[in-house]
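Biologist: Could we go through this structure together, one topic at a time?
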Amino acid sequence: MYSLYKRYLDPDDTIAACVSRGRSDLERELKFDRSDFDVAKQNYFESAERSKLCEVVPHSDIPPFSKDAYQDIYKKSLGSERATESSIRSNILDLAIAGKCPYCGANFVTDVDHFLPVSKFFKFSALTYNLVPSCHPCNKKKLSKYGDCVERSFFHPYFDRMDGVTWAFCEVGLSGRLRIEYKADPTACAELNVRVNHFLREIGVARTWKVHASHFLITKRSRFVSIFERKGTKGLRLYLESCFEDAVEEEISKNNWKTSLVSALLKTPEFFTIEGLSCIPEKKSLL
């Protein structure tokens, strides 16, 4: 996960644009009385700043500020590329750095995710702070999950500043067959460790990273073997160190699949043997 800058967001932009036409009962109601939305917005902001969104109470379905009405505004105004206010949707997608999903940092964004699900928190359906650009796999895996306590709450791209903390860790096994596992850095504090592992598992980030890591190793295998045969362990280590430097420079977050993978390989003695390299599947064998 990497952090997004919420300073580029105006929490009132979406709701103002959505209700400006005044076609539905809710649009007309909110046009003249914004107190319902404003109270919900302030509650969201204060809770998110304290990393306590898990304590926000699900919304009551009381007309005219009802669940169906709020969700209808989102679907008609922001829910697709053909929506009335599609420019706002595009602006949210454009917040993703280099177009990469802030949850996994690996896939490109295609969707707008509701951080707190609209099934329970419908007043946040058009709240800008609750709309996160994401890739389709992360959005689909996350669904209505958000965490029921601080330890199991997901990282919020707009509010949790995680870029300065190293929490991603990779284990690589090359005994018999290739094994890759992503988890929290064991040196991290216990609370962060629990939260990271929950996040990696529940949103499917660990799986996404494993797919990217496997692809990297398979496509690089022939080069690894060639360097090892020509220059030995020292040459392969130097090449891997250059891969690490490239990953640090290329990736948008210090916590990513590539730097943690290459770091793990540098610490895995089996990788610098022909037997270890043979555990990585050959690209041609998969065709």
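Modeller: The conversation below takes up charged pairs, cysteines, strands, aromatic rings and the surface. Please keep in mind that this is a predicted model.

Biologist: Let us start with charges. How many salt bridges are there?
Modeller: The count comes to eleven salt bridges. In general, side chains of opposite charge can pair when their charged atoms come close.

Biologist: Which residue does K6 meet in a salt bridge?
Modeller: The partner of K6 is E49, with 3.6 Å from N to O. K6 lies in the segment before α1, whereas E49 belongs to helix α3 (residues 35-49), so this salt bridge ties together parts that are 43 residues apart in sequence.

Biologist: Are those two side chains buried or exposed?
Modeller: Each falls in between. K6 is partly exposed, at a relative accessible area of 22%, and E49 is partly exposed as well, at 42%.

Biologist: And what does D38 pair with?
Modeller: D38 forms a salt bridge with K41, and their closest N and O atoms are 3.8 Å apart. These two residues are three apart in helix α3, so about one helical turn separates them. D38 is partly exposed, with 29% relative accessibility, while K41 is buried, with 15%.

Biologist: Which residues are linked in a network of salt bridges?
Modeller: K145, R201 and E202 are linked in such a network. Within it, the side chains of R201 and E202 meet at 3.3 Å, N to O.

Biologist: Changing topic: how many disulfides does the structure hold?
Modeller: It holds zero disulfides. C135, for example, is in no disulfide, and the nearest cysteine sulfur, that of C138, is 3.5 Å away.

Biologist: Why does 3.5 Å not count for C135?
Modeller: The sulfur of C138 is 3.5 Å away, and a disulfide requires the two sulfur atoms to be within 2.5 Å, so this pair does not qualify.

Biologist: Is C135 buried or exposed, and what about C189?
Modeller: C135 is buried, with a relative accessible area of 0%. C189 is partly exposed, at 49%.

Biologist: Now the strands. How do β3 and β4 run, and how many bridges join them?
Modeller: Strand β3 (residues 168-173) and strand β4 (residues 179-184) run antiparallel and are joined by six bridges. One of the bridge partners is easy to locate: G173 pairs with R179 in β4.

Biologist: What lies between the two strands?
Modeller: Five residues lie between them, and the two strands form a hairpin. In the turn, G176 has a positive phi of about 90 degrees.

Biologist: On to the rings. How many aromatic pairs are there?
Modeller: There are 17 aromatic pairs. One of them joins F121 and F124, which are stacked, at 6.3 Å centre to centre and 15 degrees between the planes. Both F121 and F124 are buried.

Biologist: How are W167 and F199 arranged?
Modeller: W167 and F199 form an edge-to-face pair, at 6.4 Å centre to centre and 90 degrees between the planes. W167 is in the loop between α6 and β3, and F199 is in helix α7 (residues 190-202), so the pair links distant parts of the chain, 32 residues apart. W167 and F199 are both buried.

Biologist: Which residues form one aromatic cluster?
Modeller: The cluster is formed by Y44, F45, F121, F124, Y129, Y146 and F159.

Biologist: Lastly, which residues make the nonpolar surface patch?
Modeller: Y5, Y8 and I97 make a nonpolar surface patch of about 320 Å². Y5 is placed in the segment before α1 and is partly exposed, with a relative accessible area of 40%.

Notes:
Residues numbered from 1 in each chain as written. Predicted model: local features only at pLDDT ≥ 70, side-chain atom pairs only at ≥ 80, totals over all residues. Heavy atoms only, no water. Salt bridge = Lys/Arg side-chain N within 4 Å of Asp/Glu carboxyl O. Helix = DSSP H or I, 4+ residues; strand = E, 2+ residues; numbered from the N terminus. Buried < 20%, exposed > 50% of the residue type's maximum accessible area, 1.4 Å probe, protein only. Patch = residues over 30% accessible without salt bridge, like charges linked within 9 Å, V, L, I, M, F, W, Y side chains within 5 Å. Areas by Shrake-Rupley, 256 points an atom, 1.4 Å probe, with all protein chains shown as cover. Pairing = 2+ DSSP bridges. Phe/Tyr/Trp six-rings, centres within 6.5 Å; stacked < 30°, edge-to-face > 60°.
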